[in-house]
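Please look through the sequence and the structure shown here before reading on. The report below takes up the ligand and its surroundings, and then some details of the backbone.

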Amino acid sequence: MFIRSKLLGALILSCALSLSGQEKKSFIVDVSQPVAEVSPNMWGVFFEDINLGADGGIYAELVKNRSFEFADPFMGWKRLGKNISEGTFLVLSRKDKPNNPRFLRVSSSSVPDKVGLQNEGFRGMGVKQGLHYDFSILYRQDAPGITLHMQLVDTAGVVIGESTLKPSQTGTAWQKQQVRFRATKTEPKAKLVIWFEGKGTLDVDMISLFPEDTWKKRPGGLRADMVQLLADMKPGFIRFPGGCIVEGRELATRFQWKKTVGPIEDRQLIVNRWNTEFKHRSTPDYYQTFGLGFFEYFQLAEDIGAEPLPILNCGMACQYNTAELVPLEDLDEYVQDALDLIAFANGDLHTKWGKLRAEMGHPAPFNLKMLGVGNENWGPQYIERLEVFKKALNEKHPDIKIVASSGTDPEGERFDFLDKELRRLKVDFIDEHYYRSPEWFLSHANRYDDYDRKGPKIFAGEYAAHTDRTAGTGNKNSWKAAIAEAAFLTGLERNAEVVKMASYAPLFAHVDGWQWTPDLIWVDNLQAYGTPNYQVQKLYSTNKGTKVIPIHMGDEVPSGQDGIYASAVLDDKANEVIVKVVNHNSHPVEGNFSIQTKGRLTKEVEHILLAAGLEEENSIQEPNKVRPSTEQLILKGKSIQTDLSPYSFHIFKIKMR
Ligand code: AHR
């Protein structure tokens with residue numbers, strides 16, 4: 001029990017000024033009164049192929065338009081040669097590969113007029129000195145004659161790595177051949193040149209180049225530095241594949257998971273919806289090859305210890321775009337996709353989809369426990385469709401938790417309608433999204449204080465503080481945005497009884513290929529760094545504890561009064577009290593934290609501090625400008641006394657003996 005007299009005393013203390021005239025705040029952390037469990041997967045990540053997040057980003061393929069399936073088959077490619085004669089390069093289509101019909105027929109009549117192809121990569125190719133690169137190609141030929149001579153070239157055209165490959169098989173069947181070679185120089189914007197030397201005709205497809213240093217060294221895998229940043233967050237879940245990409249501009253370009261599994265040459269490429277979404281950030285070369293498909297998403301989740309959380313199309317295309325709807329009577333195919341996905345993830349090897357998972361290299365189930373139906377859908381049309389999904393899923397898979405959308409905004413008519421309907425339907429999780437100003441985040445830290453504890457749980461599925469305007473180009477990943485999020489997240493943590501999962505969005509952005517700001521992690525072709533917002537998410541995730549315990553400032557819960565925000569958790573496993581505090585003031589505040597426990601505490605307190613000027617950001621040049629520092633404090637009795645510097649986020653970790 002929080003004793004009244006203690007409260008009064010604390011209230012007087014909480015408003016005092018110290019002898020130095022500095023504002024002083026007193027906090028009481030009550031270890032004996034856990035109020036809720038913190039979900040083990042509370043803090044996670046949201047992945048979408050936006051801002052070159054997948055192709056050109058985490059999917060380490062360096063060749064753009066490797067199968068000539070972009071609307072313009074030569075986008076990303078340049079034909080090389082002095083006098084290229086008619087018919088040297090022919091784009092042909094085959095009927096037996098409907099998902100990847102196009103290939104290139106190259107005819108060479110030999111030196112001195114050699115012909116070649118150059119691929120520009122995704123805003124160039126990031127190449128590292130001394131590293132091996134794996135070149136591979138699908139080909140067929142009637143007779144050997146042409147030798148491929150590959151060269152990596154820097155921006156001045158100087159060769160920085162080369163090799164040759166002589167296609168050896170003949171006949172009508174497609175063959176794969178590959179060769180590994182080393183780069184001699186680091187270059188962020190290299191290009192790949194392939195000379196076709198000799199005389200003859202060669203059909204080519206799936207021209208590919210991967211670095212050897214992919215995540216876990218998997219051939220054709222993911223960029224290790226980007227995955228590492230995710231792994232470092234120890235995320236509790238990974239939501240994929242989006243985002244609006246789930247919906248598509250129209251139903252034909254919605255995300256269909258079945259088209260993203262199996263051999264990569266049979267995964268049907270489609271245009272990326274972010275290709276054309278923003279005229280001011282048009283990205284005409286943005287397509288989805290699905291080299292990062294649903295198998296790889298599940299594998300990534302497993303690798304980084306995160307629960308997989310796939311979101312599927314509910315029979316509605318993006319309502320900001322075409323708002324195309326599947327008639328209710330035709331929804332079966334969509335519902336079946338959901339049921340089959342559960343089979344793909346969890347089914348045994350005798351099922352069609354479980355067998356495919358095993359063939360792809362993962363006989364053990366992926367242990368899927370949650371499924372999202374619809375991304376940012378709204379209106380009665382969404383509810384009607386959701387009900388159909390829910391009925392089928394609950395009947396066949398009562399253990400799978402259903403995540404449902406509450407639309408694009410965290411308030412307003414659409415939200416109110418959906419919130420009421422989703423509670424009526426008793427969905428497991430309501431997915432709330434908020435892209436709002438830093439001021440909104442600061443003034444909504446108590447958003448969940450009055451949420452119904454018995455109703456559906458909350459998944460804060462997409463959020464970010466936008467310093468300019470939503471989806472504008474001027475939003476910054478500045479400390480101003482990050483500290484507002486840190487303050488707001490104290491409210492999620494305090495309300496962990498109802499908020500079970502949270503993820504910042506979007507996750508990745510390429511400095512030369514983004515459409516949306518702000519983003520959690522920025523990359524170029526060679527480097528990746530976490531923003532101040534990343535540091536905040538990571539600090540929450542790696543200090544999430546297991547139980548919420550009360551923290552009071554006077555008789556109040558610190559949720560923005562006098563610019564102070566705080567929450568506290570207990571970590572049962574580490575036997576630790578973890579206190580999080582934000583001082584959102586331009587002046588320092590003296591903090592006195594009294595830990596109320598009958599148990600003994602170790603003297604040393606770990607103090608993690610994240611603070612910066614409000615406009616400060618990290619960058620490729622200065623990736624660690626805003627990052628946490630750690631020091632040791634000493635308890636006075638059972639209290640911590642320390643200065644909370646201006647605009648600062650603190651974590652205090654106190655071990656219990
Ligand atoms: O995160 C970027 C976009 O914001 C997502 O695709 C969408 O769900 C939201 O509108």
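## Around the ligand

In this predicted model, the residues that surround the ligand are Phe46, Glu48, Gly243, Cys244, Trp274, Asn375, Glu376, Tyr435, Glu462, Pro506 and Trp516. Sorted by character, this shell is made up of six nonpolar, two polar and three charged residues. The place where the ligand sits is the second largest pocket.

## Polar contacts and burial

Oxygen atoms of the ligand take part in several polar contacts with the protein. The side chain of Glu48 has an N or O atom at 2.6 Å from an oxygen atom of the ligand, and a polar atom in the side chain of Asn375 is found 2.9 Å from a ligand oxygen. With Cys244 the contact involves the backbone, where an N or O atom is 2.8 Å from an oxygen atom of the ligand. The ligand on its own would expose 280 Å², and 95% of that area is buried by the protein.

## Cis peptide bonds

Most peptide bonds are trans. Against that background, the bond joining Ala505 and Pro506 is cis, with an omega of about -15°. Pro506 belongs to the loop that runs between strand 22, residues 499-504, and strand 23, residues 508-510, and this proline is also one of the residues around the ligand.

A cis peptide bond is also found between Thr517 and Pro518, where omega is about -5°. Pro518 lies in the loop that links strand 23 with strand 24, which covers residues 521-523.

## Positive phi angles

Most residues other than glycine have a negative phi. Asn65, although it is not a glycine, has a positive phi near 60°, and its position is in the loop between strand 3 (45-46) and strand 4 (77-80). Is Asn65 buried or exposed? Asn65 counts as buried because its relative accessible area is 2%, which falls under the cut-off of 20%.

Lys426 likewise has a positive phi in a residue other than glycine, here near 55°. Lys426 is located in the loop between helix 7, which spans 413-425, and strand 20, which spans 429-436. As for its surroundings, Lys426 has a relative accessibility of 64% and therefore counts as exposed, since the cut-off for that term is over 50%.

Definitions and conventions: Residues are numbered from 1 along each chain as its sequence is written. This is a predicted model: local features need pLDDT of at least 70, side-chain atom pairs count only at pLDDT 80 or more; totals for chains, interfaces and linings use all residues. Side-chain values use heavy atoms; hydrogens and water are left out. A residue is near a molecule or strand if one of its heavy atoms lies within 4 Å of it. A polar contact is a pair of N or O atoms within 3.5 Å; within protein, one must be able to donate a hydrogen and the other to accept it, and residues adjacent in sequence count only if both atoms are side-chain atoms. Accessible areas come from the Shrake-Rupley method with a 1.4 Å probe; for residues, only the protein chains shown count as cover. On a 1 Å grid over the protein atoms alone, a cavity is a set of points where a 1.4 Å probe fits but cannot get out, and a pocket is an open set with protein on both sides within 12 Å along at least five of seven lines; lining residues have an atom within 4 Å of a point. A molecule sits in a cavity or pocket if more than half of its atoms lie within 2 Å of its grid points. Ala, Val, Leu, Ile, Met, Phe, Trp, Tyr, Cys and Pro count as nonpolar, Asp, Glu, Lys and Arg as charged, and the others, Gly among them, as polar. Helices (H or I, at least four residues) and strands (E, at least two) are DSSP runs, numbered from the N terminus. Buried means under 20% relative accessible area, exposed over 50%, partly exposed in between (1.4 Å probe, protein chains only).
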